[in-house]
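Trainee: I would like to learn how to read strands, rings and cores in a model. Can you take me through it feature by feature?

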Amino acid sequence: MKKLILLFTLFVSFYSNSQKSQFAFYLPIDIPNKNIMPNMNTAVGFGFSFGYRPVFGFPMIAEFKSSFGNYASEYHSTKVLLYNNSPATNVHAEFKSRFNKYLVGTKWLIGYDINTFRGFVTPQIGLANFRTISSYNFDDPNSQNHSGHKVVQRNLNPVYGLEIGTEIILNNIFKKKITGNTKHRLLLSVSFLQGFGNFSYCNVNNMFDVNALDHNGVVIKEESIYTALPNKYIYENYYTEVYTSKLKMWGINIGYIINLDGENKE
């Protein structure tokens with residue numbers, strides 16, 4: 001009898017867990033508050049999330065969400081003489097400024113799982129990461145090093161925020177085309193993100209040549225607020241300013257959610 005009870009408990013636990021997990025892939029659009037971050041651009045990228053409902057049927061999901069986006073990029077191409085008495089090689093260099101988020105939150109559901117529309121509110125906390133990357137590539141049959149990259153500036157700091165949105169069950173809209181217990185949802189939401197302290201970041205759309213001068217006639221590379229963007233095969237030296245400010249951003253998120261093996265029909 002005890003073995004039967006144990007098997008029944010394990011079966012219910014496994015079946016419930018399979019219904020409580022959800023995966024999502026989404027497009028994040030993070031828009032800076034220009035009053036706080038005047039030198040930051042809108043970041044667009046991709047993201048994914050994993051949600052887990054600790055109590056079967058309870059309107060709360062613990063969620064981990066991560067996104068990776070770019071907000072600025074510059075491309076340069078130049079001919080470099082890699083070997084004596086050889087034709088010059090065309091080297092391509094690309095500089096990117098990226099904005100990544102790693103958030104955990106508690107998603108509170110508004111509405112039943114079987115409703116076509118289900119709202120949610122998610123308080124979040126986590127980390128935001130700014131990175132500027134220098135990379136290069138070239139086509140040269142005499143060399144094995146045809147590409148590479150280097151992170152020239154990064155800054156990781158804690159943030160907090162809030163996401164509000166709705167989930168739309170596609171099964172209820174396309175009943176004839178979508179069958180089975182697996183729920184497919186469309187995600188639409190807006191979000192707010194703010195940092196606990198100051199952030200340092202670059203914007204490679206505002207790059208300068210090493211010979212450029214500031215307003216006081218001082219070479220930029222001698223100023224501590226500028227950072228070099230080194231590149232192994234680009235002989236021109238490029239610099240960009242390191243900006244320091246608070247973080248305050250609004251977001252728009254569009255995505256797809258899948259709940260494996262169906263959901264609790266409340």
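Trainee: Which residue in S5 is the bridge partner of Phe99?

Mentor: Phe130 is the partner of Phe99 in S5. Keep in mind that this is a predicted model.

Trainee: How many bridges join S4 to S5, and in which sense do the strands run?

Mentor: There are 18 bridges, and S4 and S5 run antiparallel. The hairpin of S4 and S5 has 6 residues between the strands. Look at the backbone there: Gly111 takes a positive phi near 110°.

Trainee: Over how many bridges do S5 and S6 pair?

Mentor: S5 and S6 pair over 21 bridges, in the antiparallel sense. To see the register, pick Ser134: Lys150 in S6 stands opposite.

Trainee: Back to the two Phe residues. How is the aromatic pair of Phe99 and Phe130 arranged?

Mentor: Read two values for any ring pair: the centre distance and the angle between planes. An angle over 60 degrees counts as edge-to-face and one under 30 degrees as stacked, with the rest tilted. Phe99 and Phe130 come out tilted, at 5.0 Å centre to centre and 40° between the planes. Phe99 lies in strand S4 and Phe130 in strand S5, so this pair ties together parts that are 31 residues apart in sequence.

Trainee: Are Phe99 and Phe130 buried or exposed?

Mentor: Buried means under 20% relative accessible area. Phe99 has 1%, so Phe99 is buried. Phe130 is buried too, with 0%.

Trainee: What sort of aromatic pair do Phe130 and Phe199 form?

Mentor: An edge-to-face pair, with 70° between the planes and 5.8 Å centre to centre. Phe130 is in strand S5 and Phe199 in strand S8, so the pair ties together parts 69 residues apart in sequence. Phe199 counts as buried, at 0% relative accessibility.

Trainee: How many aromatic pairs does the structure hold, and which residues form one aromatic cluster?

Mentor: The structure holds 15 aromatic pairs. One cluster is formed by Tyr71, Phe99, Phe130, Phe199, Tyr201 and Tyr243.

Trainee: Now the cores. Which residues have the most contacts inside the largest nonpolar core?

Mentor: Start with the residues that have the most contacts: Met40, Tyr71, Phe99, Phe130 and Leu247. This largest core has 29 residues. Next, ask which strands feed the core. Among those that each supply at least two residues are S3, S4, S5, S6, S8 and S10. The largest share, 5 residues, comes from S4. Another core of 7 residues lies apart from the largest one, and includes Ile61, Phe120, Leu187 and Ile257.

Trainee: Over the face of which ring does Lys107 lie?

Mentor: Lys107 lies over the face of Phe120, 4.7 Å from the ring centre. Compare the case of Lys65, which lies over the face of Tyr26 at 4.7 Å from the ring centre.

Trainee: One polar residue to finish. Is Asn259 buried or exposed?

Mentor: Asn259 has a relative accessible area of 1%, so it is buried. Asn259 is found in strand S11, residues 248–259.

Trainee: With which side chain does the side chain of Asn259 make a polar contact?

Mentor: With that of Arg185, at 3.5 Å. Then widen the view to contacts beyond the neighbours within four places in sequence. For Asn259 these are Ser21, Gln22, Thr182, Lys183 and Arg185.

How values were computed:
Residues numbered from 1 in each chain as written. Predicted model: local features only at pLDDT ≥ 70, side-chain atom pairs only at ≥ 80, totals over all residues. Heavy atoms only, no water. Helix = DSSP H or I, 4+ residues; strand = E, 2+ residues; numbered from the N terminus. Buried < 20%, exposed > 50% of the residue type's maximum accessible area, 1.4 Å probe, protein only. Polar contact = N/O pair within 3.5 Å; in protein donor to acceptor, adjacent residues only side chain to side chain. Contact = heavy atoms within 4.5 Å. Core = buried A, V, L, I, M, F, W, Y, C linked by side-chain atoms within 4.5 Å. Pairing = 2+ DSSP bridges. Phe/Tyr/Trp six-rings, centres within 6.5 Å; stacked < 30°, edge-to-face > 60°. Lys NZ or Arg CZ within 6 Å of the ring centre and 35° of its normal.
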